[in-house]
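Okay, thanks for making time, everyone. I'd like to walk you through a structure I've been looking at, so here it is on the screen.

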Amino acid sequence: MWAQFIDIIRKYYQDDDRIKLCNSYIEFESGEHPILPLDGYKFLRFSSKICGDGTVTGYIRTVRHIAQTIFGLRVRPWTEAADEYGFYDWRDVHDSRRSTIGDTAMTPSHFAGERSDYPILVLNDKLFEVLGIVNKGRGLVARCNIKSGTRILCEKPLFLLRGTPDELLHCDVASKLKALSKEEQRQFLSLHNNFPGKHSFAGIVKTNGLPCGPGASTGGVYPEISLINHSCIPNCHNAWNEETQRETIHAIKDIVAGEEITISYGRGGPASERQAFLQRNFGFNCQCELCTLPREELQASDARRILIRELDEKAGDPFTAGGEPLANLWSCQALLALLIDEYGSRDMALIPRLYYDAFQIVIAHGDEARAMVFAERAYKARVNCEGEDGPETKRAKGFMQNPRSHLSFALYSKMWETAQNSQPRNIDEDQFERWLWRRQD
Ligand SMILES: C[S@@+](CC[C@H](N)C(=O)[O-])C[C@H]1O[C@@H](n2cnc3c(N)ncnc32)[C@H](O)[C@@H]1O
């Protein structure tokens, strides 16, 4: 792998005359002249202070990027300015460097024209790579820091299917496979199967299929999205876009390079319920960071999740929404606080739903001013989870611009009637929140 790495570096920089090939190393004539030994066992770090014309930063970034493509998580980037330090002691680094250096530089022309047995990797612009993950098989891992709200993937399914008994499903897949290209067939057949047996195609679909939206009876199987592992506290959200007939994956929190990309295969609630669901439907024991927490921490999370479910039901309770809408509204507010406790800064899909619930409660009593604010918050949270082109995002945007267009406008009463743009101005955040949630306390 080291030889392959060196080979790519040489080809990549073959026209750059600041990169010198020496007998036993490659020298970057920038900053503190970092080197890459031709023998991997001598390598301990590739680093420099930022000095001179500053170009060394770009070299370090590119070399790191190429190295991550080959060595994945074994590459450990660090920045001393951020109080992070290299893995090896300076003394070891100097010793290794002394044993490497000591020969004469060759001209850059040595870079060109040499043949290599190693294929050049395509350095594409994907934000992730596929790597082996402890206890989970393969998975996607971020190649760089990814900001919350970034669209990581937007993929067409290999095919769509309805849930049917295994035998029928197997035959259905067999006929759909015939219509696919050789490459697509290979992609499908290389997917993991947790249900080996007579109906192996059905097993692959059951292991990898994602429903086309919550509760949908149709599901899709994907070349890359189907490689994303599950977490009960995921860093990404998956959504089916009915208009584009594609599944999207968005980061719902800032993700750091090297972190695994995860989605939820679709179940909240306490650990025992989630695990039973994943075992029954996907055939595996969840090993995510939440399910593997120590017992006490898991119990605390379970308690929060039970409460989340109760509050979610109360927020949308149609029996109180007419006569006691404050109860629904306050459940939404309590739910928001609890979601932040449980999920931290993640923009879970529950958040736009919660704001949409709050929107529906106030608009059903004619309160357009608050409805606009809730619709705007629902819209922003949807953009983060599903993108501007998501059908739900567009719907929320429409309500934000014209809350009256909602079917339940003044459905129950006009007791909270306000004009669209009558939100209070010149008050602090706290006061605004109290106004928004109708808190007098
Ligand atoms: C859709 S596939 C994901 C890609 C798969 N890891 C692979 O190697 O192709 C789902 C399978 O990955 C594994 N997996 C996903 N999430 C997991 C988790 N949280 N804990 C343990 N295994 C998991 C299980 O074997 C599961 O059936």
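I'll start with the overall picture, then go to the ligand, a sheet, two helices and a few loop residues.

First, a caution: what you see is a predicted model. The protein has 441 residues, and 33% of them count as buried. Along its principal axes, the C-alpha trace spans about 85 × 65 × 45 Å. In there we have 14 helices and 13 strands. If you take the contacts with a separation of 6 or more, 65% of them come from residues 24 or more positions apart.

Now the ligand. Which residues come closest to it? Those are G137, R138, H192, N229 and F284, out of 21 residues that surround the ligand. Three elements give two or more residues to that shell: β5, which is 137-142, α6, which is 200-208, and β10, which is 229-230. The top contributor is β5, with three residues. As for chemistry, the shell has 13 polar residues, six nonpolar and two charged.

So, keep β5 and β10 in mind, since both turn up again in a sheet. That sheet is open and has four strands, in the order β4-β5-β13-β10, with mixed pairing. At the edges stand β4, residues 128-133, and β10, each with a single partner strand, so one side of each has no neighbour in the sheet. For anyone who wants a refresher, strands of a sheet pair through backbone hydrogen bonds, either parallel or antiparallel.

Which way do β4 and β5 run relative to each other, parallel or antiparallel? They are antiparallel, and six bridges join them. One bridge to look at is G132 with its partner R138 in β5. R138, remember, is among the closest residues to the ligand. The hairpin of β4 and β5 has three residues between the strands, and N135 there takes a positive phi near 70 degrees.

Let's move to a helix. α2 covers residues 56-71, so to speak: 16 residues, with 21 Å from the first C-alpha to the last, close to the 22 Å expected at 1.5 Å a residue. Which residues of α2 are buried? The list is V56, Y59, I60, V63, A67 and Q68. Looking down the axis of α2, these buried residues fall within an arc of 160 degrees, so they line one face of the helix. The background is that an α-helix has 3.6 residues a turn, so residues three or four places apart point the same way. What covers those buried residues of α2 includes α1, residues 2-12, and β2, residues 25-28. Flip to the face turned away from the buried side, and you find the exposed residues T57, G58 and R61. Right after α2 comes G72, with a positive phi near 55 degrees.

The other helix I picked is α12, residues 368-386. At 1.5 Å a residue its 19 residues should span 27 Å, and the end C-alpha atoms are 25 Å apart, which agrees. How many of the 19 residues in α12 are buried? It's 15, so to say that α12 is mostly covered is fair. Following α12 is G387, again with a positive phi, near 90 degrees.

Last stop, the loops. Two residues have a positive phi of about 55 degrees without being glycine: H33 and A410. H33 sits in the loop between β2 and β3, the latter being 35-37. A410 is in the loop between α13, 391-401, and α14, 429-436. Buried or partly exposed, what would you guess for A410? With 17 C-beta neighbours inside 10 Å, A410 counts as partly exposed. H33 is partly exposed too, with 14 other C-beta atoms within 10 Å.

One more loop residue, G266, takes us back to the sheet region. G266 is in the loop between β13, residues 260-263, and α7, residues 271-282. G266 is partly exposed, with 16 C-beta neighbours inside 10 Å. Along the chain, G266 and S231 are 35 residues apart, and their C-alpha atoms are separated by 9.7 Å.

If you take one thing back to your bench, let it be β5: it gives the most to the shell around the ligand, and it pairs with β4 through six bridges. That's all from me, so over to you.

Note on methods
Residues numbered from 1 in each chain as written. Predicted model: local features only at pLDDT ≥ 70, side-chain atom pairs only at ≥ 80, totals over all residues. Near = placed C-beta within 6 Å. Nonpolar A, V, L, I, M, F, W, Y, C, P; charged D, E, K, R; others polar. Expected span 1.5 Å × (residues − 1). Buried ≥ 20, exposed ≤ 12 C-beta atoms within 10 Å, placed from the backbone. Arc of directions from axis to C-beta. Contact = placed C-beta atoms within 7 Å. Pairing = 2+ DSSP bridges.
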